[in-house]
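This report covers two topics: the setting of one strand, and the packing of two helices.

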Amino acid sequence: MTLPDTMNAMVLTGHGGLDKLEWRTDVAVPRPNAGEVLIRVGASAVNNTDVNTRTGWYSKAVRGDTNSAAATGYEGTSDADGAWSGAMQFPRIQGADCCGEIVAVGDGVDPARVGERVLVRPMHRPKDGDSEALTTFGSEQDGGFAEFTTIGSENALRIESPLSDVELASFPCAFSTAEGMVQRARLGAERVLITGASGGVGSAAVQLAKRRGAHVTAMTSPAKADGLGTLGADAILGREDALPEEAFDVVLDLVGGPRWPALLEALAVRGRYVTSGAIAGPIVELDLRTLYLKDLTLIGSTRQDPGVFTDLVGYIERGEIRPVLAETYRHRDLRAAQEAFLEKSHMGKIGIVIAG
């Protein structure tokens, strides 16, 4: 195809409120460097990380939950540590999710890849960089909230699926985060509690845990109980319900906040706790006696082995997991999509249609 010189993109101009998202129609179309591919983006989706990065919530100066100032931004945030890996470079095109088609390749990439339908691996190690360094698509590099984007060829995985672009775009960030947690926990046919179970990562974790034969207890609001049961949850706990002591082998936690100590009490001896989020607040109280007397393991989960995303693509192609898409919005209506996301009345993902 003949590439245009400019494209439409939603551009983040700085940390702050929704006003920091600017719709621009004259952004230069990127060209793939050596080892990269150029993707015409079909669809993306909204994630907590998009909101958290916009507001600067990752800054250690912020101690509250992720939702209280998500529309206006947090006061006192530091630009020095407002993103996943430190300082954010502005302007930035966000969008951790991307489904699209390869339309051009850089030097060293097989030209036969042009025309492939792909999903982008959202979290990866930079090529030839520190083995512990982290690049997040839409944070440390431009992402999927644009008509075109580039990525290292190895991070654009071919996919064969009858699902639509926007359905496929609901998978990458949420499901890879959840699968990373599941793999780090070495979850098997055990008792698992999943907090924040109606969100994108939580609802993904329900499916992925059930796929491994686990008995799944989902923590959510009563209104979303039936939907999570359809996804595979065996039992439901309300967000304010008392937690049974020593009832779970694994806790997959996305919430944190003031109820965090009860999650450890709910773990059995030698239980494993895994976290990849803190929507109710990042500062918690730990009783070390609970930790050592019960021989618990506490695990943080962000970095992923490359096989996590490769496995995920296989699950999608074999129909072992399914998309949970609550709503879709046009690209230029991303602000409205984030406002709907912040209401937390949906289950699963809010999709963003880029092409068409």
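A residue counts as buried when its relative accessible area is under 20%. The model is predicted. By that cut-off, 10 of the 11 residues of strand β3 (residues 36-46) are buried, so β3 is largely enclosed by the rest of the structure.

Strand β3 pairs with β9, with β5 and with β18. The table gives the bridges and one facing pair of residues for each pairing.

| Partner of β3 | Direction | Bridges | Residue of β3 and the one opposite |
|---|---|---|---|
| β9 (residues 148-152) | antiparallel | five bridges | V37 and I151 |
| β5 (residues 99-105) | antiparallel | six bridges | A43 and C99 |
| β18 (residues 349-353) | antiparallel | four bridges | A45 and G351 |

The second topic is a helix pair. Two packed helices are described by the angle between their axes and the distance between the axes. For helix α3 (residues 172-185) and helix α8 (residues 306-317), the angle is about 115° and the axes lie 9 Å apart. That angle makes α3 roughly perpendicular to α8. The crossing of α3 past α8 is right-handed.

Which residues of α3 and α8 meet? On the α3 side they are P172, F175, S176, E179, G180 and Q183. On the α8 side they are V308, F309, D311, L312 and Y315. Sorted by character, the residues of this contact comprise six nonpolar, three polar and two charged.

Notes:
Residues numbered from 1 in each chain as written. Predicted model: local features only at pLDDT ≥ 70, side-chain atom pairs only at ≥ 80, totals over all residues. Heavy atoms only, no water. Axes fitted to C-alpha atoms, helices over the stretch in contact; angles between N-to-C directions. Helix = DSSP H or I, 4+ residues; strand = E, 2+ residues; numbered from the N terminus. Parallel < 35°, antiparallel > 145°, perpendicular 65-115°, else oblique. Left-handed = near helix turned anticlockwise from the far one by under 90°. Contact = heavy atoms within 4.5 Å. Nonpolar A, V, L, I, M, F, W, Y, C, P; charged D, E, K, R; others polar. Buried < 20%, exposed > 50% of the residue type's maximum accessible area, 1.4 Å probe, protein only. Pairing = 2+ DSSP bridges.
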